[in-house]
Amino acid sequence: MSENKIPYKIYLDESEIPSKWYNLRADMKNKPAPLLNPATCKPMTAEELSAVFCEELVQQELDDTTPYIDIPQEIRDFYKMYRPAPLVRAYCLEEALGTPAKIYYKFEGNNTSGSHKLNSAIAQAYYAKKQGLKGVTTETGAGQWGTALSMACAYLGLDCKVFMVKVSYEQKPFRREVMRTYGADVTPSPSMTTEVGKKILAEHPGTTGSLGCAISEAVEVAVSNPGYRYVLGSVLNQVLLHQSIIGLETKAALDKYGIEPDIIIGCAGGGSNLGGLIAPFMGEKLRGEKDYRIIAVEPASCPSFTRGKFAYDFCDTGMICPLAKMYTLGSGFIPSANHAGGLRFHGMSTTLSQLYHDGYMEATSVEQTSVFEAAEQFARVEGILPAPESSHAIRVAIDEALKCKETGEEKTIVFGLTGTGYFDMVAYQKFNDGEMSDYIPTDEDLAKGLSSLPKVPVQE
């Protein structure tokens, strides 16, 4: 098909919304290492995990052999309110860059929560409701996951308790108020409302918090209140499963016009967006059917892939969650108060960590001033104000397109635009006023976090 027949936006119709999620782990030769009980260092059982997570979500978390899992009709009906999401050809950005590269982005910000997070929030809330629970607890960084979960819980009539990373709570009051509008109880983390929060504040007075801190508080509240379970917006296998709808729709849209990407780029904090976007493409790569260059982009201030260690670690700062084998900076590492709150987690998804360790994907880190330069360049030509998290992928997509300009190669680039930045105007103000700085942790900073890694016996 000739290029001029490819529209700006490639839409699937409602009937083409996937009816099954794709479980990437089924095609992995080296499966992600199991979650371990921190007391025994033995793999967590379904019974143990069910004390924290919803029962059906536990089954999804542990299933690494079933390639496709049915999406319940109730969830598909909810998806229809904002899906399918468009795949957009960035013609204006291509022209502004003067590149021969063809750039596409999957836009996940066309819902009230403003991001891809709603794809998993509605699934997790659905399974909690199905189990007969009263409510759920969670953490949120930038606030997009908390917003999505509060929407899903309001839709299903569930109570929702959110611990929001303190720096984001203070920088993004409107995101906080959207959560409250949907009925959620929102607490800045770390807080004095939990035992683990008090402990963290005692050890780190004045801390701006981290996702690891907020996770600890949310888990404590869940396990100490009957009728509640904890739900997580990233990192876990179940979340990557739900987010595979992003990649499945992206691939279907590309296939419609016979387009094959050369490079696939996603921002990486815990792994939900990246894992969802690359899922079907990585599956083809694992099966030896096709090859793609896949790039994870993380902030230089929290570089778990590029400077972390592949080891078992706690998923939370309070050290009460299971141990996960992942690329980590140490559960005690608290990143600087950067403006990409959703990328402030000390570790990475076990699935993505294993794929990265096995050489199926690459990773790079970028500084936040260059990220906002790319964000504003994108906004001025494409008309969408991107979230700071998404803008990490934009930065590297632009860089790769400029490399094509230098070499004359006509590569096809696909990246994930995870959400909008309309609640992130404090960050844009800091950038525009010249008050934004870059912080890159020193080797000594990272050594402090990594020094707290638990000693885990070699697993058979």
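Helices and strands are here runs assigned by DSSP, with at least four residues for a helix and at least two for a strand, numbered from the N terminus. With that in hand, a good place to start is the loop between strand E8 (185–189) and helix H9 (195–203), where Pro190 is found. In this predicted model, the peptide bond that leads from Ser189 into Pro190 is cis, with omega near 5°. A second cis bond joins Arg83 to Pro84, and its omega is about 0°. Pro84 also belongs to a loop, the one between helix H3 (73–79) and strand E4 (87–89). These bonds are worth a pause, because most peptide bonds are trans.

The backbone holds other points to look at. Most residues other than glycine have a negative phi. Cys41, however, has a positive phi near 60°. Cys41 sits in the loop between strand E2 (20–22) and H1. Its relative accessibility is 14%, and a residue under 20% is called buried, so Cys41 counts as buried. Val235 is not a glycine either, yet its phi is positive, at about 70°. The loop that carries Val235 runs between strand E9 (228–230) and H11. With a relative accessible area of 7%, Val235 is buried as well.

Now for the view of the whole protein. The chain forms 18 helices and 15 strands. Its C-alpha trace extends about 60 × 50 × 45 Å along the principal axes. How does the radius of gyration fit with a compact globule of 460 residues? Such a globule would come near 23 Å, and the protein has 20 Å, which agrees. Of the 460 residues, 63% count as buried. Among contacts with a separation of 6 or more, 77% are made by residues 24 or more positions apart.

Helix H5 (residues 118–130) offers a closer look at such packing, beginning with Gln124. Is Gln124 buried or exposed? Its relative accessibility is 1%, so Gln124 counts as buried. Once neighbours within four places in sequence are set aside, Gln124 contacts Cys54, Leu57, Trp145, Val231, Leu232, Gln238, Val239 and His242. Leu118 is part of helix H5 too, and with a relative accessible area of 1% it is buried. Not counting residues up to four places away in sequence, Leu118 touches Phe78, Tyr82, Asn111, Ser113, Ala148 and Met151. The C-alpha atoms of Leu118 and Ser150 lie 9.6 Å apart, although 32 residues separate the two in sequence.

Lys403, in helix H16 (residues 388–407), gives another kind of example. At 42% relative accessibility, Lys403 counts as partly exposed. From Lys403 to His357 the distance is 26 Å, C-alpha to C-alpha, with their positions 46 residues apart in sequence.

Next come the spaces inside the protein. Four cavities of 30 Å³ or more are present, and the second largest holds about 70 Å³. Which residues line the second largest cavity? They are Tyr22, Asn23, Leu24, Arg25, Asn237, Leu240, Leu241, Gly275, Ala279 and Thr351. Five of these lining residues are nonpolar, four are polar and one is charged. Helix H11 (237–256) and helix H12 (272–286) each contribute at least two residues to this lining, and H11 gives the largest share, with three.

Helix H12 deserves a few words of its own. Ala279, one of the residues lining the second largest cavity, is also where H12 bends by about 55°, with Pro280 following within four residues. Since 15 of the 15 residues of H12 are buried, this helix is largely enclosed by the rest of the structure. After H12 comes Gly288, whose phi is positive, near 75°.

Finally, the largest pocket has a volume of about 280 Å³. Its lining is made of 19 residues, and Val52, Val219, Ile320, Cys321 and Pro322 are those nearest its centre. By type, the lining divides into 17 nonpolar residues, two charged ones and no polar ones. Helix H1 (46–49) and helix H10 (211–223) each supply at least two of the lining residues. H10 gives the most to this lining, with four residues.

How values were computed: Residues numbered from 1 in each chain as written. Predicted model: local features only at pLDDT ≥ 70, side-chain atom pairs only at ≥ 80, totals over all residues. Heavy atoms only, no water. 1 Å grid on protein atoms, 1.4 Å probe; cavity = no way out; pocket = protein on both sides within 12 Å on 5 of 7 lines; lining within 4 Å. Points joined across faces, edges and corners; volume = space filled by probe spheres on them. Nonpolar A, V, L, I, M, F, W, Y, C, P; charged D, E, K, R; others polar. Bend = angle between axes of the 7 residues up to and from the residue. Buried < 20%, exposed > 50% of the residue type's maximum accessible area, 1.4 Å probe, protein only. Contact = heavy atoms within 4.5 Å. Rg over C-alpha atoms; globule rule 2.2 N^0.38 Å.
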